[in-house]
Every structure is written in structure tokens, then in C-alpha cells.
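Dear colleague,

Please find below the structure that I am handing over to you, together with its sequence. My account of what was found in it follows.

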Amino acid sequence: MSKFLSDPKSVAIVGCPFRGGQAKLGVDHGPIHMVEAGLEQQLRDLGWEVRFDGHHQFEQISEENDPPIGKMKNPRFVSQVCKAVASVVSDHARRGQLPVVLGGDHSLAMGTIGGTLEVYPNACVIWVDAHADINTPETTESGNIHGMPVSFLLGIAGNEPEFAWVKPALRANRLVYIGLRDVDADEKRILRENGIKAFSMHEIDRHGIGKVVELALDAVNPNRDLPIHLSFDVDALDPTVAPSTGTPVRGGLTFREGHYICEAIHETGLLIALDLMEVNPGLADAESVRKTVSVGCSLVRAALGEALL
Ligand SMILES: NC(=[NH2+])NCCC[C@H](N)C(=O)O
Ligand SMILES: [Mn+2]
Ligand SMILES: [Mn+2]
């Protein structure tokens, strides 16, 4: 049982149909597909009190009113949406509910983690992803903000007045990555310079996923007493397991490795927020979409306590 959440344990599903942090159409339909697949009832069956918050309708900013700032694309739109998400997440957290935020693209994590840290300032973040998403507006090649949210949270980016609301509330020693395999050269430098712990697929091959999760928790949560925010990008999984996503990278987590991470974090009893991001039902054939949506739901269930036995 969690020592941070209310009793009875209660989860809030927050649909974030948002794609402004990257260019591909369809990722905004991820949350609708996951909810239609029955996620709400699946979590009830695990004994949670479930509140479906709806699919948030974000105020639009059209492209002509949102020219790039430096290389950053859709900066005002992304910022405004993340600000709204932060306040939704922090409201749930304040009530002792566990927000499960369904993306949408991973720029949303600026909002989800920002919201978590307002309520749990000492929370640690476990970021499961093929990518580090730690580019700055200066280092980005794509200009897509879904490749940058971590640098804003750490305060190594975000001086623009448009992002003034983002507090640099995340400390480098409270962040750990699992699953990395496509990290830009400047991102590698940023990880090194800030001493951020990361377990790439190489470490998973070497030690096995069980050991890696243990080491990751040792790095950010040595006494196993800090609240945990799990931000899971579905592209951490191998494209054979989760094909419908915008930036797939081969050589990823197996179905079981992805689930093991979620199960082990559940076992700590410290999980207080979960993101499931980058499910893009627009990018593949129907069978690939079904597979990806279904693995997305099953990762959420694993993190919320679905046991194998
Ligand atoms: N959330 C994601 N899928 N991010 C992919 C980022 C890819 C690349 N590093 C970039 O900056 O654009
Ligand atoms: Mn990714
Ligand atoms: Mn990501």
C-alpha cells in the first residue's frame, strides 16, 4: 500500500490529446484509443477507485500566432498546454489521487512532472524511453519540443518568457533513465555534464532488467522512501512490441522487460504519478495499432499492481 496516496486508493485518468511537441499527425488520438480499449474498467478490476477526467480540450494557438522561438516549434502552444496539464496533475496529487496521464507527445511531461513536483518536491523521476528528451532549444536538431522537456524541468533551458511558469524543480540526482538507445551527441554531453544516471539498452543486456531497475532505484531513491513519478514513452519498447509510435528505434525493451519495470516500481509502493506517452494510432496498420494500444494499457495495469499470479 502506498504511503502517499489516499485510502481507498484512487486513480485519475487524464487524457491529453496533444501533438504540438512533434510534427506527426495521430499521436493526439493515443489517449482516446487507450480509454476505448477499456483502461478505466481494467483499473477498477485491480481494486482502484477510478475517475476518468476526460480528454482535455486544450485552447488552441494557431501556427501563424505561434512562430518558432529560435528552433523551437509551436512554443507558445506547447507551453500553454503543459501549464494546464501541470495544474490538473497537481490538483489530483494534492487530493492523494494518482494521476495517469495518457499522451499525446512527450513534451507533456513538462506539465506532468512540473505538477508532481509542486506537490511532492522530493519526488524522483524514472524516465523510460529510447530517447533522453533532454535537448535544449539550442542543441535540438528537430525543433520538436517532445525532445526537450527534461532540460526545461532541470532548468538548463527555458529562459524564454513564454516558459517562465516552468520551475526548475527537478534535481539532476533525482532523475534516472532506462532504455536509452538513440541519444543525440549534445544530449550525451548534457547527461555527462550534469552527472545524470542513465541505463541504456547496453546495461540492460549486460545486467538484466532486474538488476538495472534495482540500480536505477539505488541511484535516485537509495532509502526507498521518496515518491516516484514514472514517465513511460512507449517507444522504449522494441518496435516489434509497440510499432505505432512516432520515433521508433530498433533494439528496444521486450514486452516483459517493459512490464518488469512497471511491476518493480509498483512493488516499491512509492508510485505517485504515471505518464504513458507517444502512442500514435495514426501511424500503422490496424493490427499494429491494436498491439500498441493494448501494450500501453497493460503497462499501466502493471504499474498499478496487476500481478501475474
Ligand atoms: N519523445 C520523443 N519521442 N522524443 C524523440 C526525440 C528525438 C530527437 N532526439 C529530437 O530531439 O527530436
Ligand atoms: Mn522516445
Ligand atoms: Mn520521450
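I begin with ligand 1, which is surrounded by 13 residues; the closest are D133, N135, S142, D184 and T247. Please bear in mind throughout that this is a predicted model.

Several side chains approach ligand 1 through polar atoms. An N or O atom in the side chain of S142 is 2.5 Å from an oxygen atom of ligand 1. The side chain of D184 has an N or O atom 2.9 Å from a nitrogen atom of the ligand, and for the side chain of E278 the corresponding distance to a nitrogen atom of ligand 1 is 3.2 Å. The protein covers 92% of the 350 Å² of accessible area that ligand 1 has on its own.

**The two manganese ions**

Which residues coordinate the manganese ion (ligand 2)? The donors come from D129 (OD), H131 (ND1), D233 (OD) and D235, the last listed with two OD donors, at 2.1 to 2.4 Å. Along the chain, these donors follow the spacing D-x1-H-x101-D-x1-D. The site thereby links distant parts of the chain: D129 is in the loop between strand 4 (124–128) and helix 5 (149–154), whereas D233 is in strand 7 (residues 228–233), and the two are 104 residues apart. Both D129 and D233 are buried.

The manganese ion (ligand 3) is coordinated by H106 (ND1), D129 (OD), D133 (OD) and D233 (OD), at 2.1 to 2.2 Å. Its donor residues are spaced H-x22-D-x3-D-x99-D in sequence. Here, too, distant parts of the chain are linked: H106 lies in the loop between strand 3 (98–103) and helix 4 (109–119), while D133 lies in the loop between strand 4 and helix 5, 27 residues apart. H106 and D133 are both buried.

The manganese ion (ligand 2) and the manganese ion (ligand 3) are 3.2 Å apart, with D129 bridging them. D233 is listed as a donor to ligand 2 and also as a donor to ligand 3. D133, a donor to ligand 3, is also among the closest residues to ligand 1.

**The strands**

Strand 4 is mostly covered, with 5 of its 5 residues buried. C124, I126 and V128 point one way from strand 4, V125 and W127 point the other way, and all are buried.

Which strands pair with strand 4? Strand 7 pairs with strand 4 in the parallel sense over 5 bridges, and the bridge partner of V128 in strand 7 is F232. Strand 5 (residues 175–180) also runs parallel to strand 4, joined to it by 4 bridges; in this pairing, W127 stands opposite Y177.

Strand 7 is in turn joined to strand 8 by 6 bridges, and the two run parallel. The metal donor D233 stands opposite M277 in strand 8. Strand 8 (residues 271–277) is mostly covered, as 7 of its 7 residues are buried. Strand 3 runs parallel to strand 8 and is joined to it by 3 bridges, with L102 having L276 as its bridge partner.

**The cysteines**

How many disulfides does the structure hold? There are 0 disulfides. The sulfur of C124 is 14 Å from the closest cysteine sulfur, in C262, and is therefore too far away for a bond, since a disulfide requires two cysteine sulfur atoms within 2.5 Å. The sulfur of C262 has its closest cysteine sulfur in C297, at 12 Å, so this pair is also too far apart for a bond. C124 counts as buried because its relative accessibility is 0%. C262 is likewise buried, with a relative accessible area of 1%.

**A position after strand 8**

Finally, I draw your attention to D285, in the loop between strand 8 and helix 10 (286–303). Is D285 buried or partly exposed? At 46% relative accessibility, D285 counts as partly exposed, because that class lies between the 20% limit for buried residues and the 50% limit for exposed ones. The side chain of D285 makes a polar contact with the side chain of S288, at 2.7 Å. D285 and P243 are 42 residues apart in sequence, and their C-alpha atoms are 9.4 Å apart in space.

With kind regards

Conventions
Residues numbered from 1 in each chain as written. Chains lettered and ligands numbered in written order. Predicted model: local features only at pLDDT ≥ 70, side-chain atom pairs only at ≥ 80, totals over all residues. Heavy atoms only, no water. Buried < 20%, exposed > 50% of the residue type's maximum accessible area, 1.4 Å probe, protein only. Donors = N, O, S within 2.8 Å, 3.2 Å for Na, K, Ca; no water. Near = heavy atom within 4 Å. Polar contact = N/O pair within 3.5 Å; in protein donor to acceptor, adjacent residues only side chain to side chain. Areas by Shrake-Rupley, 256 points an atom, 1.4 Å probe, with all protein chains shown as cover. Pairing = 2+ DSSP bridges.
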